[in-house]
Structures are given as structure tokens and as C-alpha cells.
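Hello,

Here is the structure I promised to pass on. Please have a look at it first, and my notes follow below.

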Amino acid sequence: LKQGGDIGSLLSRTCHMHMQTLSAGIGQELEIDLKFYRYTAPRHSWLPHRSAQHSDTCRRRPSEEEPCHQLEAWMVRAWQRCTGMLLVVSLLGCSPTFPTKRAIMDRSVGNFEALTIRASKVGGTSFAQCVDCLRRLLRLRAWPCSRFWSHRHFKVATYNLLRGDHGGARRHAEIAAAAFAEIISPDPGAGLRPPLYPDQRCLLTLARGGCLQCDDIPGGQAAVAAHIGKLLSARRPHSTDMALISHFRIDICEVEVEVRTLAAVSLEYHCSNEPERRPPLSRQLLLTLLKQKPLSWWDLPFGKLATWRDILRSSREGSALAADLGAWMAPSLVSREEVLQAIAQREMKQNGLAPATILAGLRHWEINRAMLGSSATAAMEYTRALLKKPRRHFASAVGIVAHLRFAEDREFISAFEADALAGLATLAKSDHRALDAALQSILAEPSLTKAPADWLGAAVALKSGKDGPVDWPSWAARSRKLSDPLLQLTVPYRFISTTQEMKVSVAALESADVIGIDAEWALGAGIASILQLASRAEVFI
């Protein structure tokens with residue numbers, strides 16, 4: 001590799017030596033048969049194929065009787081970590097030895113993406129394994145073999161290496177921070193060829209997967225802010241950049257020049273009302289960015305903002321954004337007394353003050369919890385009521401709770417977390433973009449993200465069906481509630497889990513004149529997880 005050699009011949013020789021070195025049982029622990037690497041066959045057969053006949057022995061671990069089992073197991077794990085990266089490298093290369101591979105990759109990026117996803121899974125699917133494979137690939141940029149890599153394919157490959165719902169855990173902070181630092185550092189092989197930059201979405205995956213803070217990154221907040229400033233200056237969509245600002249809680253004053261330019265350009269795009277033009281920031285992201293500072297800080301033309309507000313009002317989907325924008329543009333139009341009265345009366349009517357207007361009024365008049373007096377309880381109930389409509393009011397509810405410091409009330413925050421999780425569950429079933437926006441709004445509030453709260457892990461679990469953050473009491477309480485039997489039956493029912501219970505249920509069902517059946521599958525499962533058989537007198541689950 002260091003001499004720019006062909007990766008295909010290297011893999012062929014290495015696979016042969018590997019199979020000679022390891023015993024058959026140990027080699028099969030990889031769940032792939034390395035003898036099936038074929039680089040010169042047509043189509044995609046040069047990727048590893050599973051050996052179906054060895055499916056039972058694939059999972060066998062080395063026993064104590066096998067010689068040097070610890071060393072061999074270590075070699076297997078080391079080879080497994082390296083194989084995924086080597087396969088991706090073989091995909092990135094453009095060696096003339098394999099014209100079939102060149103034709104495959106030139107056909108479409110979608111084809112290449114599917115192949116890299118398959119190849120990356122060989123090295124493991126856990127977050128730590130994916131990060132390890134990514135770091136190996138990033139270090140190979142300094143080698144001569146990277147001269148043949150396509151910049152476009154390199155970005156696709158780096159993103160696919162980290163692709164998946166990984167959740168977040170502080171135990172991964174060290175490896176995630178190291179990979180984060182390598183991504184934002186200059187390309188070590190820039191002198192050999194044009195610079196190769198990873199997909200910047202990897203930064204967000206690493207930040208969330210390792211629950212990173214600015215102090216974890218070499219250079220601290222200054223290094224993170226400097227890199228975000230470079231991203232904001234580029235001509236590209238900036239949804240990832242805004243998510244990074246929210247995750248690391250970067251004050252936009254540190255990237256003042258970039259955000260001012262970005263806001264002005266995006267506002268010009270939206271005011272032109274030309275759907276074929278793609279703005280740097282979407283409507284929601286632009287409004288989120290503007291609301292981080294008062295109108296006087298931005299120094300934007302008021303006429304342009306008014307024009308954009310009118311355009312939003314005229315569209316069916318933009319009415320809620322228009323209300324938020326209007327409240328931000330003129331928070332002083334609502335008096336202090338009107339804000340307090342709206343909270344005390346828990347106004348949720350259509351002709352009342354919009355939640356965004358109430359939040360803007362709270363911030364403008366600097367109303368704190370002490371000023372509410374006896375209306376504090378009503379304000380708590382008001383915010384919980386807002387969470388029942390998460391698509392429209394989730395961000396406003398989070399903003400009110402954070403501004404009034406309701407997180408200090410333990411009894412309320414438990415109820416708030418339960419309602420917020422229910423709102424996120426609704427969005428996970430219907431609108432993933434709204435889910436991402438809601439997640440960013442709550443992750444940006446330090447008072448609501450203190451341990452053991454794990455909103456990111458909860459969102460991943462809601463989308464994927466995984467267990468989620470079981471150490472978080474609010475999530476554990478929600479899981480227990482959902483796991484309890486939800487059937488309100490008027491006949492007795494039994495849970496069958498043993499052989500003896502099975503025999504009793506079969507005998508009862510055989511004597512019934514009619515049987516009702518219902519089967520349920522877990523997400524992605526190949527067989528039924530729950531089977532319900534019912535007679536007229538009893539239900540067996």
C-alpha cells in the first residue's frame with residue numbers, strides 16, 4: 001500500500017496466509033469465508049460472501065483445548081477490524097487491473113454507496129468499531145494509494161462507515177473526540193493530490209455518539225467554532241452546521257461574520273420565492289438561527305423580513321413559522337400584562353396569543369418565575385399542554401421551560417420529560433424532520449440535558465425500536481408502561497412461557513368450537529414475537 005501497490009492482490013495474498021495461519025473454526029468466527037474473495041469475477045462477486053454451510057460454526061468461540069486460542073482469537077478480531085477498512089479502500093481505488101470495478105463505480109454513486117455499506121459492516125457494526133474503521137481510513141490519506149481515490153466517493157465512504165442509529169454514551173468520548181480532531185485537521189496527504197475531506201455529517205454522528213463537549217476536542221471551543229465558521233462560509237446546505245452549533249452550544253457571536261452573511265443570503269433566497277432555487281438554510285433553520293439573537297443584533301432590512309413573513313403567511317405550511325417570525329420581529333407589541341394573563345388563563349384557543357408570541361414576550365420583558373407568583377403552576381400546565389401538539393409547539397414549550405427555569409422543580413421535570421418523550425414518539429412515527437428540529441431545540445438547553453437525561457438515545461430508540469437509555473428514570477417508566485399488557489379484555493387471559501403451560505393451553509383450545517388468532521412481529525424480525533390464541537372464554541398469549 002505504501003508503494004501504491006494494488007489492494008486486490010494484497011487482499012488475495014493476505015486472505016490465503018490468514019486461512020493457513022488460523023484453524024478452520026477460528027477463521028469462521030468472522031461469519032464470512034475469506035476464501036470467497038473473488039476480484040476478477042463479474043458484477044459484485046469480489047465482495048465477501050457468507051458461507052451458508054458454516055452458519056452453525058460461525059459463532060463458535062475458541063475453546064480452552066485449542067492451542068494458542070487467545071492469540072488466534074486476537075488475530076481474528078484484529079483481522080476483522082482491518083478487513084472492513086481494506087474493502088472500502090479497494091472500492092475507492094481506481095486501479096486499471098480491475099476494469100469491471102471501474103465500470104461499476106462510474107455507473108452511479110448510488111451503486112457505490114450500496115457497496116460501501118456492505119463492505120463497512122464486515123469490520124463490525126458497533127459505534128466503537130465504526131469509529132476505529134473510519135480513523136484507519138483517514139490515516140491512509142497520507143499513503144500513495146490515496147492518489148487514485150475519488151473525492152466524491154471518499155465522502156460517501158466516510159459517511160457510510162458511521163451510518164446507523166448509534167445513540168450516545170460518554171464511554172465513547174475518547175475515541176469519538178480523536179476521530180473528530182482528525183476530521184477537522186488538514187489532510188495529511190494534500191501534497192500528493194487534491195485534498196480529501198470526509199463527509200461533514202460524520203462530525204455530528206461523532207459528537208452525538210460520544211456525547212462530546214468542547215473540552216473533549218483538542219483546541220477546545222475555539223477549534224470547534226473555527227471549523228464551524230469554515231463550514232458556514234462554504235456554498236453548501238448548512239443543516240449539519242446548525243446542528244453542530246446546537247450540540248456544542250456555540251454562541252453565534254464567535255462566528256458572527258459567517259452567520260450574518262449566511263442569514264442575509266438565505267433571506268434573499270426566501271424573499272425571491274423561487275422554488276427552483278435551493279437556499280443555504282431552510283425556512284425552519286433560518287428562523288431558528290435568527291431567534292438566537294434579537295432583531296437589533298442582526299441589522300437586517302426590516303422590509304425584507306416583512307416580505308418573508310407575508311410569503312410564509314400565504315402558504316399553508318408556513319403559517320406557524322410566520323407567527324414565530326412575527327413574534328420575534330416585534331416582541332414589544334404584547335404587553336407584560338397580556339403575557340401574564342395568557343399564561344394564567346392557559347390560552348390555547350385559536351384567537352389567543354400564540355405560544356411563540358408568549359415566549360418572545362417572556363424574553364423581552366424578562367419575566368422570571370418569581371414574577372409569575374401563583375401563576376407558576378398554570379404556566380407548568382400550559383407547557384405540558386403544548387407538548388400534545390409537538391409538530392407546532394415543541395420548541396416553544398422547551399423555550400418556556402428553560403426560560404422560567406422549571407427544570408429546578410423535580411416533580412415537574414419528571415412530568416415534563418414524560419410528555420416530551422410522548423411528543424417525540426409521535427414525531428418519530430410521522431415526521432422525522434420535525435423530530436430532528438425538536439431534538440435540536442431540547443439539546444440546546446443545558447438545564448434539560450443534565451444526566452441521566454439522554455434525549456438523543458431516546459430518539460434513536462423511538463426510530464429504531466431498540467431498548468433505549470434504560471438508566472434514565474423517565475425512559476424506564478415509559479418502557480414499563482408500554483410493556484404492561486394494554487389489552488382491556490372482558491375475558492381472562494394468560495401469558496404462556498413454559499412447556500407445561502403450552503400443553504394446558506393446547507388442550508383448552510382443542511375443546512373450543514372456534515379459535516381467534518393474532519400474530520405480531522417485532523421490527524425486522526423474521527418470525528412472530530407474540531402469538532395470541534383465543535377461545536370464547538379465554539385468551540392465551
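**Aromatic rings**

Searching the whole of this predicted model turns up 7 aromatic pairs. One of them joins W297 and W298, whose rings meet edge-to-face with 4.9 Å from centre to centre and 85° between the planes. Both of these tryptophans, W297 and W298, are buried.

Y493 and F495 give another pair: their ring centres are 5.9 Å apart and the planes stand at 85°, so this one is edge-to-face as well. Here the surroundings are partly open, since Y493 has a relative accessible area of 33% and counts as partly exposed. F495 is also partly exposed, at 48% relative accessibility.

There is an aromatic cluster too, made up of F406, F412 and F416.

**Charges over rings**

W297 turns up again here: the charged end of R260 sits over its ring, 4.1 Å from the centre. In a further case, R201 lies over the face of Y159, at 3.8 Å from the ring centre.

**A sheet to look at**

You will also find an open sheet of 4 strands, ordered β1-β4-β3-β2 and with mixed pairing. β1 (493-494) and β2 (516-520) are at its edges; each has a single partner strand, so one side of each has no neighbour in the sheet. Inside the sheet order, β3 (residues 530-534) and β4 (residues 539-540) run antiparallel and are joined by 2 bridges. Across this pairing, A534 stands opposite V539 in β4.

Happy to talk any of this through.

Best wishes

Definitions and conventions
Residues numbered from 1 in each chain as written. Predicted model: local features only at pLDDT ≥ 70, side-chain atom pairs only at ≥ 80, totals over all residues. Heavy atoms only, no water. Phe/Tyr/Trp six-rings, centres within 6.5 Å; stacked < 30°, edge-to-face > 60°. Buried < 20%, exposed > 50% of the residue type's maximum accessible area, 1.4 Å probe, protein only. Lys NZ or Arg CZ within 6 Å of the ring centre and 35° of its normal. Pairing = 2+ DSSP bridges.
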